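Me: I'd like to learn how to read a structure like this one. Can you walk me through it, feature by feature?

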Amino acid sequence: MNQIELPETMSAVVLTGHGGLEKLEYREDIKVPRPEAGEVLIRVGASAINNTDINTRTGWYSKGVTTGTEEGAASGFASANQDDGAWSGKPLNFPLIQGADVCGTIVAVGDSVDSGRIGERVLVRPMQQSPDNLSSYNLITFGSECNGGYAEYAVARSSEVFAVNSSLNDAELASFPCAYSTAEGMLEKADLKNGERILITGASGGVGSAAIQLAKRRGAEVIAVSGESKFEEVRRLGADQVIARGQSLLNSLEKDSIQVVADLVAGPQWPELLEVLARGGRYVASGAIAGPMVELDVRTLYLKDLSLLGSTWQPKKVFENLIGYIERNEIRPVVAKKYALRDVVNAQEDFMAKRFSGKLAIEVANQNL
């Protein structure tokens, strides 16, 4: 292993199991990991809060949970099963360091990794192919099936760590990986084209605000759904039309008028999403914060020749393209607030309360916030 001098211990926020906020523990005695063959060690500059952090902690991914994410966000879900509380449907190994987002600097490399990588400023791809099985759909999420970015140091496979050349600060760069790769993966899967109309739900959140920018980058017309208090922020991101969350879509849009729906919400209003889709339209989902159980009239599906798409797996080119967008200043970060590592619980509380538009960043390297 090639490295600079490293400390023996580090600060980290550790998740001790599925449940409430009490399951998150800030500790200063965690052993600094060492990179094995094919791996790099990153001094973390910043991370960020994502829905997957909350959903994993609460066990919302479990099939035992049938409600939206808000109901158990603070206390966890009593109906969650411990053996399927992760997004993968497999049990997690606790204690776990969460944090899908990492911006930092490589400070050590394992065997078979070029020592010239030491000193690189990098982003880590959150959705990764499992090192045990490199088939396309055998996946791990950084900060879920392996330790992530809520720590001063993090280990990742060199092949999943990308150099980034940007004048943005660490917190701004850390706002990109999970949210923007999720959004870009959705648009890529739905094959959104120049001139098409797209409806984006949950548009003021991290993935939603990313989807607005990325859809505009593709030349689409964007209709966004958000809380009324967030209208101006959503418009500034590029939305051409904004509809209030909870308002009937059919009062604002004509039937059969949208080519793509990018849905992060689901819930009771879901059938209207298919009504506004044009014949041959594409629906893509990567979230269900308002509730995962929906009512589908199969006649709408087949008579309108609709495509219903789920979006989790992303080809590596999605993240490679994202790095290019960042370096060419084609997208911009939306960081609403910054927190010190010790304040992850406060950050999650603010995230769950939906107090801000955009991303909540964890400045790991700055403990004086």
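Reply: Sure, and keep in mind that this is a predicted model. Let's begin with two strands: E2, residues 9-15, runs antiparallel to E3, and six bridges join them.

Me: Which residue in E3 is the bridge partner of Val13?

Reply: Look for Tyr26, which is the partner of Val13.

Me: In what order do the strands of the open sheet come?

Reply: Read across the sheet and you get E3-E2-E5, three strands with antiparallel pairing.

Me: Which strands stand at the edges?

Reply: Those are E3 (24-31) and E5 (96-97). Each has a single partner strand, so one side of each is left without a neighbour in the sheet.

Me: Let's move to a single residue. Is Gln128 buried or exposed?

Reply: Here a cut-off helps: buried means under 20% relative accessible area. Gln128 has a relative accessible area of 2%, so this residue counts as buried. You'll find Gln128 in strand E8, which covers residues 127-129.

Me: What lies 2.7 Å from a polar atom of the Gln128 side chain?

Reply: That's the backbone oxygen of Arg125.

Me: On to the empty spaces. How many cavities of 30 Å³ or more does the structure hold?

Reply: Two. The largest cavity has about 80 Å³ of space, and the second largest has a volume of about 40 Å³.

Me: Which residues line the largest cavity?

Reply: Try selecting Asn51, Ile54, Asn55, Thr69, Glu70, Ala73, Ile289, Phe351, Met352 and Lys354. Helix H1 (51-58) and helix H9 (344-352) are the elements that give two or more residues to this lining. H1 gives the most, with three residues.

Me: How does the lining of the largest cavity divide into nonpolar, polar and charged residues?

Reply: Five residues of that lining are nonpolar, three are polar and two are charged.

Me: And what lines the second largest cavity?

Reply: Here you'd pick out Thr52, Asp53, Thr56, Gln98, Ala100, Thr141, Phe142, Gly143 and Ser144. By class, the lining of the second largest cavity has six polar residues, two nonpolar and one charged.

Me: Which element gives the largest share of the lining of the second largest cavity?

Reply: H1 does, with three residues. So when you look at H1, remember both spaces: H1 gives the most to the lining of the largest cavity, and the largest share of the lining of the second largest cavity comes from H1 too.

Note on methods: Residues are numbered from 1 along each chain as its sequence is written. This is a predicted model: local features need pLDDT of at least 70, side-chain atom pairs count only at pLDDT 80 or more; totals for chains, interfaces and linings use all residues. Side-chain values use heavy atoms; hydrogens and water are left out. Helices (H or I, at least four residues) and strands (E, at least two) are DSSP runs, numbered from the N terminus. Buried means under 20% relative accessible area, exposed over 50%, partly exposed in between (1.4 Å probe, protein chains only). A polar contact is a pair of N or O atoms within 3.5 Å; within protein, one must be able to donate a hydrogen and the other to accept it, and residues adjacent in sequence count only if both atoms are side-chain atoms. Two strands pair if DSSP finds at least two bridges between them. On a 1 Å grid over the protein atoms alone, a cavity is a set of points where a 1.4 Å probe fits but cannot get out, and a pocket is an open set with protein on both sides within 12 Å along at least five of seven lines; lining residues have an atom within 4 Å of a point. Grid points are joined across faces, edges and corners, and a volume is the space filled by probe spheres set on the points. Ala, Val, Leu, Ile, Met, Phe, Trp, Tyr, Cys and Pro count as nonpolar, Asp, Glu, Lys and Arg as charged, and the others, Gly among them, as polar.
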